[in-house]
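Please open the structure in your viewer and keep the sequence beside it. This tour proposes a series of selections and states what is found at each.

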Amino acid sequence: MASALETVILRTAHLQRMADWYAEVLELGAWERFPRHLGQRVGPVYFGLDEVDDAGGGCSGCWFHVDDLDRTFERAVAAGGEVVEAPAMKPHGYRLAAVL
């Protein structure tokens, strides 16, 4: 049985562009840099980006808890994010938004 989430790594063909977007929208600190990989801790979880020649099909996503959902949503859209779902209260009691 898993007891905690330790690492999330997204694959991208646009490593620096994705890193810059997450850093701007989520106000992240400096990325640790390795060949074809950038990463940093976000709370207790290691958040990494792997550069691949073709990210190909499939789907992945990350959900982040933020202090101010509306402000972060506005920053994501202003940074070029595509709105999937505007901030809204969900039946399970969480207020969520989704941006690609």
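Begin by selecting Trp31 in this predicted model. Leaving aside neighbours within four places in sequence, Trp31 is in contact with Ala19, Tyr22, Ala23, Leu38, Gly39, Gln40, Phe47 and Leu49.

Next, widen the selection to the largest nonpolar core, which has 15 residues. Trp31 is among the members that touch the most other members, together with Leu10, Tyr22, Leu28, Phe47 and Leu49. Now colour strand S1 (7–12), helix H1 (15–26) and strand S4 (45–51), the elements that give two or more residues to this core. Which element gives the largest share of the core? It is H1, with six residues.

Turn now to the aromatic rings. Five aromatic pairs are counted. Select Trp21 and Tyr22: their ring centres lie 5.3 Å apart and their planes stand at 85°, so this pair is edge-to-face, an arrangement that requires an angle over 60 degrees. Both residues are buried.

Keep Tyr22 and add Phe64. The centres of these two rings are 6.0 Å apart and their planes are at 55°, so the pair counts as tilted. This pair links distant parts of the chain, for Tyr22 is in helix H1 and Phe64 is in the loop between S4 and helix H2 (69–78), 42 residues apart. Are the two residues buried or partly exposed? Tyr22 has a relative accessible area of 13% and is buried, because the limit for that class is under 20%. Phe64, with a relative accessible area of 28%, is partly exposed. To see the whole cluster linked by ring pairs, select Trp21, Tyr22, Trp31, Phe47 and Phe64.

The last stop is H2. Select Thr72, Phe73 and Ala76, which are buried residues of this helix. They cover an arc of only 100° around the axis, which puts them on the same side of H2. Where do the buried residues of H2 pack? They pack against H1, strand S5 (83–89) and strand S6 (95–99). Rotate the view to the face of H2 turned away from its buried side, where the exposed residues Glu74 and Ala78 are carried.

Finally, inspect the two ends of this helix. At the start of H2, select Asp68 and Asp70: a side-chain oxygen of Asp68 comes to within 3.3 Å of the backbone nitrogen of Asp70. Just after H2, select Gly80, which takes a positive phi of about 100°.

Technical notes:
Residues numbered from 1 in each chain as written. Predicted model: local features only at pLDDT ≥ 70, side-chain atom pairs only at ≥ 80, totals over all residues. Heavy atoms only, no water. Core = buried A, V, L, I, M, F, W, Y, C linked by side-chain atoms within 4.5 Å. Buried < 20%, exposed > 50% of the residue type's maximum accessible area, 1.4 Å probe, protein only. Helix = DSSP H or I, 4+ residues; strand = E, 2+ residues; numbered from the N terminus. Contact = heavy atoms within 4.5 Å. Phe/Tyr/Trp six-rings, centres within 6.5 Å; stacked < 30°, edge-to-face > 60°. Arc of directions from axis to C-beta. Polar contact = N/O pair within 3.5 Å; in protein donor to acceptor, adjacent residues only side chain to side chain.
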